[in-house]
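Visitor: Could you take me in for a close look at just one part of this model, the place where the protein meets one of its DNA strands? I'd like the contacts spelled out.

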Protein chains: 2
Amino acid sequence: MSGNVMELNFGSLDQFSSDQNGVSLKPLRCPAPFLLKTYDLVEQGIEGEDGIKIVSWNEEGNGFVVWSPAEFSELTLPKYFKHNNFSSFIRQLNTYGFKKISSKRWEFQHEKFQKGCRHMLVEISRKKCEPSVFPQYLKSCSEENAMTNNSSVEEDNNNHELLMEENKNLKKERLELQMQIAECKALEMKLLECLSQYMDNRQNKVRRLC
Amino acid sequence: MSGNVMELNFGSLDQFSSDQNGVSLKPLRCPAPFLLKTYDLVEQGIEGEDGIKIVSWNEEGNGFVVWSPAEFSELTLPKYFKHNNFSSFIRQLNTYGFKKISSKRWEFQHEKFQKGCRHMLVEISRKKCEPSVFPQYLKSCSEENAMTNNSSVEEDNNNHELLMEENKNLKKERLELQMQIAECKALEMKLLECLSQYMDNRQNKVRRLC
DNA sequence: GGGAATATTCCC
DNA sequence: GGGAATATTCCC
């Protein structure tokens, strides 16, 4: 196992800060490991005995460029991550809100990912899936309805495959909706329990007052 | 990267079955990679030049024993997984419902994990987050879905009308489920309002008592 | 043991 | 790009 990621140590996950008097303050939230590793990997983008520049900051220092995706995948990624897939790396960049800002080269940017500002990484967070209360269900509703209305009837009639596909998706969706309902019911139960506890408390209070 | 897990290939994720006439049937669900790897790893539990038995089936063949956790972690795990942590392995076993059945040795069991029954792995699934609340109802649902999928594949293929009909019904069902969810959400709101009123009342009561 | 966050993979 | 399933880690 020598030479691979399992023996690398990226240090403790917790970060401590100290003020100007050297007094230790409470632990700060730590940047996600992915961000720290990506930052470090950009800083050390020169590899191999021929000193190829595989990855580096861009000219402005407000983004980075993967100059050689092949060598990046083969040499750089496995030093920092548990894989050597460029696409998995890209997936993570997207998860953390990086944008690909050039169609001509692999250049990525994030407002809080800048040369010399390792401390700023803590301000980058993963995109969340659940924005509000009714979103996914309302969203799927309107989208589906639009779809159904737009799609031409004759195509559907003539395309068995499409129909089968839609059917399959509908079944999947049904299961998801059923699970959502189960979750709702569970939440109701909890709320009811909660409510009954409050009522019991009130009863007791009333009794004590009599 | 030679010699580590990233170059191992465990084959396609999809499995196909054929009947006795060699006719290819539709793809079967494939066991989780974790289960296949664990099965294979138990089968090949002898390692090193001194031929130590690191892991093997138990006497009955209905479970397996990790005889040497240290060597298992250091030698076996990284060959099959992207880590060398015994605890991560245990975490996965728990996720898939395995039980530790001895306090004296690292012996694990799962009803569907048996010597010579690699095909049975497909019946093992990850535990879901919400087991207790409405299990029977969800279960019957998924069984129903399985039934629907299995029954009369050829008829469905050949009968466009049936497919259209099913499709229509599924959409109707979807609408009903969405309405159910809307009702649930509305009820939740009322319960929350109710709860907050009780909390306010209690506050007032406390205030009056002071 | 298992909940939950993060990482990796797979797929659209 | 991103949703979602699975894997790995971290923590109780």
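Guide: Quick bit of vocabulary to start: a polar contact here is a pair of N or O atoms within 3.5 Å. Keep in mind, too, that this is a predicted model.

With that in hand, look at the backbone of DNA strand D. The side chain of A:Lys127 puts an N or O atom 2.4 Å from one of the strand's phosphate oxygens. Over on chain B, an N or O atom in the side chain of B:Ser88 sits 2.6 Å from a phosphate oxygen of DNA strand D, and for B:Arg126 the gap between a polar side-chain atom and a phosphate oxygen of that strand is 3.3 Å. As for secondary structure, the elements giving two or more residues to the surface near DNA strand D are helix H3 (86–95) of chain A plus, from chain B, helix H1 (33–43) and helix H3 (86–95). H3(B) has the largest share, with three residues.

Now zoom out a little. There are 16 residues around DNA strand D, and the ones that come nearest are A:Arg91, A:Lys127, B:Asn85, B:Ser88 and B:Tyr96. By character, the residues of this surface split into six charged, five polar and five nonpolar. On the DNA side, sugar or phosphate accounts for 63% of the strand D atoms within 4 Å of the protein, while bases make up the rest.

One record to set beside this: an unreviewed UniProt entry lists residues 77–101 of chain A under "domain: HSF-type DNA-binding". In the model that span is 56% helix and 8% strand, and its end C-alpha atoms lie 21 Å apart.

Definitions and conventions: Residues are numbered from 1 along each chain as its sequence is written. Chains are lettered from A and ligands numbered from 1 in the order in which they are written. This is a predicted model: local features need pLDDT of at least 70, side-chain atom pairs count only at pLDDT 80 or more; totals for chains, interfaces and linings use all residues. Side-chain values use heavy atoms; hydrogens and water are left out. A residue is near a molecule or strand if one of its heavy atoms lies within 4 Å of it. A polar contact is a pair of N or O atoms within 3.5 Å; within protein, one must be able to donate a hydrogen and the other to accept it, and residues adjacent in sequence count only if both atoms are side-chain atoms. Helices (H or I, at least four residues) and strands (E, at least two) are DSSP runs, numbered from the N terminus. Ala, Val, Leu, Ile, Met, Phe, Trp, Tyr, Cys and Pro count as nonpolar, Asp, Glu, Lys and Arg as charged, and the others, Gly among them, as polar. UniProt positions are given in the numbering used here, feature names are shortened, and annotations may be inferred rather than shown by experiment.
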